[in-house]
Amino acid sequence: MLSYLYRLATRFENEHGYRANLLYLNTSHYAQLRSELAAIKGLGDMVQFLGMEIVVEGGITHPHVSYTILESQNAVAV
């Protein structure tokens with residue numbers, strides 16, 4: 001999962017010229033990412049490690065990234 005997200009973020013940055021700061025995942029993707037990053041305790045630390053806010057929505061088929069100009073908020077798991 002982590003290598004896939006890295007490729008997504010790199011592709012986004014190459015295409016747009018700036019880094020993505022939002023990561024969209026479904027609950028299964030999020031669980032897999034938490035498993036791969038088990039050494040990172042807490043959602044806030046994971047957000048800081050990835051450099052992106054995490055949005056978890058049940059209807060997302062594939063992870064994707066985007067950018068927002070809004071200030072980041074405190075990470076909240078839903």
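How many salt bridges does the structure hold? The count is 1, and we will come back to the pair of residues behind it after a walk through the sheet. Keep in mind along the way that this is a predicted model.

Let's start with the sheet. Strands of a sheet pair through backbone hydrogen bonds, in either a parallel or an antiparallel sense. Here, 3 strands make up an open sheet, ordered β2-β1-β3, and the pairing is mixed. The edge positions belong to β2 and β3; each has a single partner strand, so one side of each is left without a neighbour in the sheet. From one strand to the next, the twist averages 25°.

What makes the pairing mixed becomes clear if you follow β1 towards each of its partners. On one side, β1 and strand β2 (residues 53-56) run parallel and are joined by 4 bridges. To find this pairing in your viewer, look for Leu23, whose bridge partner in β2 is Ile54, and then for Leu25, which has Val56 as its bridge partner in β2. Turning to strand β3 (residues 64-66), you will find that its pairing with β1 is antiparallel and spans 3 bridges. A good landmark there is Tyr24, which stands opposite His64 of β3.

Now for the surroundings of the sheet. Helix α1 (residues 2-16) packs on it and touches β1 and β3. The direction of α1 makes about 35° with that of β3. Helix α3 (residues 43-50) also packs on the sheet, where it touches β1 and β2. Between the direction of α3 and that of β2, the angle is about 115°.

Are the residues of β1 buried or exposed? Strand β1 (residues 22-25) is covered on both faces. Leu22 and Tyr24 lie on one side, Leu23 and Leu25 on the other, and all of them are buried. Three of these names are already familiar from the bridges: Leu23 pairs with Ile54, Leu25 with Val56, and Tyr24 faces His64.

That brings us back to the opening question. Side chains of opposite charge can pair when their charged atoms come close. In this model, the side chains of Glu13 and Arg19 meet in a salt bridge, with an N to O distance of 3.6 Å. How open is each partner to the surroundings? Arg19 counts as exposed because its relative accessibility is 61%, over the 50% cut-off. Glu13, at 32% relative accessibility, counts as partly exposed.

Note on methods: Residues are numbered from 1 along each chain as its sequence is written. This is a predicted model: local features need pLDDT of at least 70, side-chain atom pairs count only at pLDDT 80 or more; totals for chains, interfaces and linings use all residues. Side-chain values use heavy atoms; hydrogens and water are left out. Buried means under 20% relative accessible area, exposed over 50%, partly exposed in between (1.4 Å probe, protein chains only). Helices (H or I, at least four residues) and strands (E, at least two) are DSSP runs, numbered from the N terminus. Two strands pair if DSSP finds at least two bridges between them. A salt bridge is a side-chain nitrogen of Lys or Arg within 4 Å of a carboxyl oxygen of Asp or Glu. Axes are lines fitted to C-alpha atoms, for helices over the stretch in contact, and angles run from 0 to 180 degrees between N-to-C directions. Contact means heavy atoms within 4.5 Å.
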